[in-house]
Amino acid sequence: MTLRRTLIATLALAALAPLAAQAQDIKPRLIRFGYGLNEQSNQGRAVKLFAEEVEKASGGKMKVRAVGAAALGPDTQMQQALIGGAQEMMVGSTATLVGITKEMALWDTPFLVNNAKEADALLDGPIGSKVKDKLQDKGLVGLVYWENGFRNLTNNKRAVARLEDLDGIKLRVMQNNVFLESFKTLGANAVPLPFSELFSALETKAVDGQENPYNTILSSKFYEVQKYLTVTNHVYSPWIVLVSKKWWDGLSKDEQKVLMDAAKKSRDFERQDTRAEAAKALDELKAKGMQINELTPTEAARMRDKLTRVNASIAANVGMDLWNETQAALATLRSG
Ligand code: TK8
């Protein structure tokens, strides 16, 4: 009788324990989450979903204060704030992380992947994890990769239909050596600038052009200050959701799980949303008055050929092992 009662009591406690633990291990937290694009962009929409998921899963205890349009500073400034512990989270380009973690340059390789399926497989697989985990030594935790997308070229000087048309075009690039080298190699006058300064640089004609996915050309209204768009798809850019390691290490396992689960949900949503928008964006940009140029196969091949010349230096920078492992993974994906 007593034994039975004890047993029942023990079982009841055991059943309640996970709930109780969860309730105990989530404290009220305020998460300052910065990003570069505006609220109406694909990035803004996914941050909003992330915030909702975190609040829901934490019973309203963990609150996300999302701050877009680089109001907390450009990528590089936010990265430093995360490292120092002055800000909790952000989402931004992997390209601006190369100065902190050289392996991130892998994602800047021109024409590395041919389609979204290959991108997802690489980024969500062991290679993506390996690169992401390198951030930990530098004070950052990478949760998941989101899609920025395949990048295309815009400018306000002339229609770019041939490689030579790029000659001397003053082109804003991300603050990243691979992008700088790539566009110098193509003959452009490449100028590194933070994204937050880009619209006004285009508007005041401080630069002639830029390159970004269709979604961003649309959401950042670059069509207002850029006439010509060339479909180049020269590189696939990921975004990465980052957490301050200093702050992350002070979280309970339950709190970390809330963030990781919400990050995965936001990733799946973001990729779907971005792809759906990208599929319609070119028509919308045309409707907004942009002149679209598609490269002939010959010109596309010339551009590709020139750009692949930067591969050797990327391989040297990220390390031959990582480079070879990536090429092998791609070969497997393509054979399957
Ligand atoms: C937004 C940037 C942007 C990137 C760039 O903050 O800088 O051109 O493509 O998406 O991360």
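Visitor: Which residues does Trp107 touch, not counting residues up to four places away in sequence?
Guide: In this predicted model, Trp107 is one of the residues that touch the most other members of the largest nonpolar core. Once residues up to four places away in sequence are set aside, the residues that Trp107 touches are Thr94, Leu112, Leu122, Leu123, Ile127, Gly128, Val131, Tyr145, Val235, Tyr236 and Pro238.

Visitor: From which domains does the largest nonpolar core, with its 31 residues, draw at least three residues each?
Guide: Along with Trp107, the residues touching the most other members of this core are Leu97, Met104, Leu106 and Leu242. At least two residues of the core are supplied by each of several elements, including α3 (75-84), β4 (140-150), β10 (236-244) and α13 (320-335). The domains that each contribute at least three residues are domain 1 (26-148 + 238-279) and domain 2 (152-235 + 280-335).

Visitor: How many residues make up the other core, which lies apart from this one?
Guide: Phe33, Met62, Trp239 and Val258 are among the members of that other core. Its count of residues is 28.

Visitor: Is Phe50 buried or exposed?
Guide: Phe50 lies in helix α2 (residues 42-57), and, leaving aside neighbours within four places in sequence, Phe50 is in contact with Phe33, Val64, Met89, Leu259, Ala262, Ala263 and Ser266. Of these contacts, Leu259 is 209 residues away from Phe50 in sequence, although the two C-alpha atoms are 8.5 Å apart in space. Because the relative accessible area of Phe50 is 1%, and the cut-off is under 20%, the residue counts as buried.

Visitor: Which strands stand at the edges of the open sheet?
Guide: The sheet has 5 strands with mixed pairing, in the order β2-β1-β3-β10-β4. A strand with a single partner has one side left without a neighbour in the sheet, and so the edge strands are β2 (62-67) and β4.

Visitor: Which residue of β10 is the bridge partner of Met90?
Guide: Strand β3 (residues 89-93) pairs with β10 in the antiparallel sense, over 5 bridges. Within β10, the bridge partner of Met90 is Leu242.

Visitor: At about what angle does helix α10 run to β4?
Guide: Helix α10 (residues 253-287) lies across β1 (29-35), β2, β3, β4 and β10. Relative to β4, the helix α10 runs at about 5°.

Visitor: Which residue with a positive phi follows α6?
Guide: At the start of α6, a side-chain oxygen of Asn176 comes to within 2.8 Å of the backbone nitrogen of Val178, and Val178 is one of the buried residues of this helix (residues 177-185). After α6, the residue whose phi is positive, near 100°, is Gly187.

Note on methods
Residues numbered from 1 in each chain as written. Predicted model: local features only at pLDDT ≥ 70, side-chain atom pairs only at ≥ 80, totals over all residues. Heavy atoms only, no water. Core = buried A, V, L, I, M, F, W, Y, C linked by side-chain atoms within 4.5 Å. Buried < 20%, exposed > 50% of the residue type's maximum accessible area, 1.4 Å probe, protein only. Helix = DSSP H or I, 4+ residues; strand = E, 2+ residues; numbered from the N terminus. Domains from an automatic or database assignment. Contact = heavy atoms within 4.5 Å. Polar contact = N/O pair within 3.5 Å; in protein donor to acceptor, adjacent residues only side chain to side chain. Pairing = 2+ DSSP bridges. Axes fitted to C-alpha atoms, helices over the stretch in contact; angles between N-to-C directions.
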